Amino acid sequence: MAMATHGRRWLSAGLAAALAVLPAVPEVRAAAPAKASEELNAKISALAQEAQTRFETADYAGAIELWTQAYAALPNEPAYDKRRNVLAYQIAQACVEAYELDPQLVYLRKAERLFDNYLQTISAKDKNTTAKVQGTLDELREKIRVAEEREAADKQAASENAEARGEDDAEALLAAQKASEAREAEARATSEREARRARRLTIAGGALTGAGAIALGVMAYGLARGARVDRDGEAAKADGVTDPAVYRDLLDQGTAANTLAIATAVVGGVLVVTGIGLIGAGAAGQQRARRDLGLAPTWLRGGAGLVLQGRF
């Protein structure tokens with residue numbers, strides 16, 4: 001491979017030298033003045049020499065650009081065909097070398113087109129040159145075939161990888177959705193349990209508060225009864241009643257009334273306080289449950305989120 005590359009570079013250098021010294025007699029016979037022809041020859045030679053220097057220093061892109069400028073500067077006349085063919089060959093050779101450094105298939109395809117065109121310009125009598133160029137063209141087409149197969153394989157692998165990533169992403173999204181739905185269901189169940197517990201606390205609190213109110217009502221009756229017994233005793237004294245049995249009976253009634261009032265006051269107070277506490281706890285629990293049900297986690301396209309929901 002190194003020998004082949006060295007051979008190609010020697011051939012390119014030889015072509016550049018030939019390009020620089022090609023006789024300009026046909027150009028002198030053209031309609032343009034001799035001075036303009038000399039300037040053109042000097043310009044083409046300078047571009048070709050600079051391009052050759054770029055080629056030999058592995059600046060193939062620079063060589064392609066300069067040789068292309070030289071090609072474009074040549075008039076499109078039969079007298080310049082030979083020089084144009086030499087430049088096309090050198091551009092093609094630079095494209096082949098450029099591909100080795102920067103494997104872009106466009107370099108090989110451009111070189112194939114230029115070599116094929118150059119092959120058509122070789123004299124049928126020049127069997128040796130024809131064979132060499134044809135061999136170069138065959139090698140180039142084999143490189144293109146291998147590169148196209150590799151490119152197709154790379155595209156297929158990239159497509160398969162993209163499909164695999166798409167399937168993985170879809171599975172991940174589905175798993176995230178299921179996990180979010182499970183969390184939502186769990187949160188909803190917890191909130192509903194909290195709501196039921198809060199309702200039971202509220203009901204129990206109401207019942208205890210009602211029972212305490214009844215007990216306090218009985219306490220009020222006991223106090224009223226005791227007060228009435230006191231008034232009956234005062235009335236008996238005022239009426240001059242001296243029978244001890246009357247006063248003992250009034251004392252028993254007053255003691256019973258006071259005992260009833262005290263007992264029901266304690267029981268009623270405890271029941272009312274407990275009932276009010278349960279009602280407060282139930283109300284707070286229901287409020288928390290409504291908040292949790294109203295702001296529940298859910299899965300949304302592109303990620304998880306929160307939605308407002310509830311029952312009316």
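Student: L260 lies in helix α8 (residues 244-294), but why is L260 called partly exposed?

Tutor: The model is predicted, so local features need pLDDT of at least 70 and side-chain atom pairs count only at pLDDT 80 or more, while totals for chains, interfaces and linings use all residues. Residues are numbered from 1 along each chain as its sequence is written, and side-chain values use heavy atoms, with hydrogens and water left out. L260 has a relative accessible area of 32%; buried means under 20%, exposed over 50% and partly exposed in between (1.4 Å probe, protein chains only), so L260 is partly exposed.

Student: What makes I214, V218, Y221 and L260 a nonpolar patch?

Tutor: A patch takes residues with over 30% relative accessible area and no salt bridge (a side-chain nitrogen of Lys or Arg within 4 Å of a carboxyl oxygen of Asp or Glu), and nonpolar side chains (Val, Leu, Ile, Met, Phe, Trp, Tyr) are joined within 5 Å. Together I214, V218, Y221 and L260 have about 370 Å² of accessible area on the surface, and helix α7 (residues 127-238) gives the most to the patch, with three residues.

Student: Why are α4 and α5 called roughly antiparallel?

Tutor: The axes of helix α4 (residues 60-73) and α5 cross at roughly 160° and come within 9 Å. Angles over 145 degrees count as roughly antiparallel and those under 35 as roughly parallel, with 65 to 115 roughly perpendicular and the rest oblique, so α4 and α5 are roughly antiparallel.

Student: How do you know how α3 is oriented to α5?

Tutor: Helix α3 (residues 34-56) and helix α5 (residues 81-101) pack at about 20°, with their axes 12 Å apart, which means that α3 is roughly parallel to α5.

Definitions and conventions: Patches are made of residues with over 30% relative accessible area and no salt bridge: like charges are joined within 9 Å, nonpolar side chains (Val, Leu, Ile, Met, Phe, Trp, Tyr) within 5 Å. Accessible areas come from the Shrake-Rupley method with a 1.4 Å probe; for residues, only the protein chains shown count as cover. Helices (H or I, at least four residues) and strands (E, at least two) are DSSP runs, numbered from the N terminus. Axes are lines fitted to C-alpha atoms, for helices over the stretch in contact, and angles run from 0 to 180 degrees between N-to-C directions.
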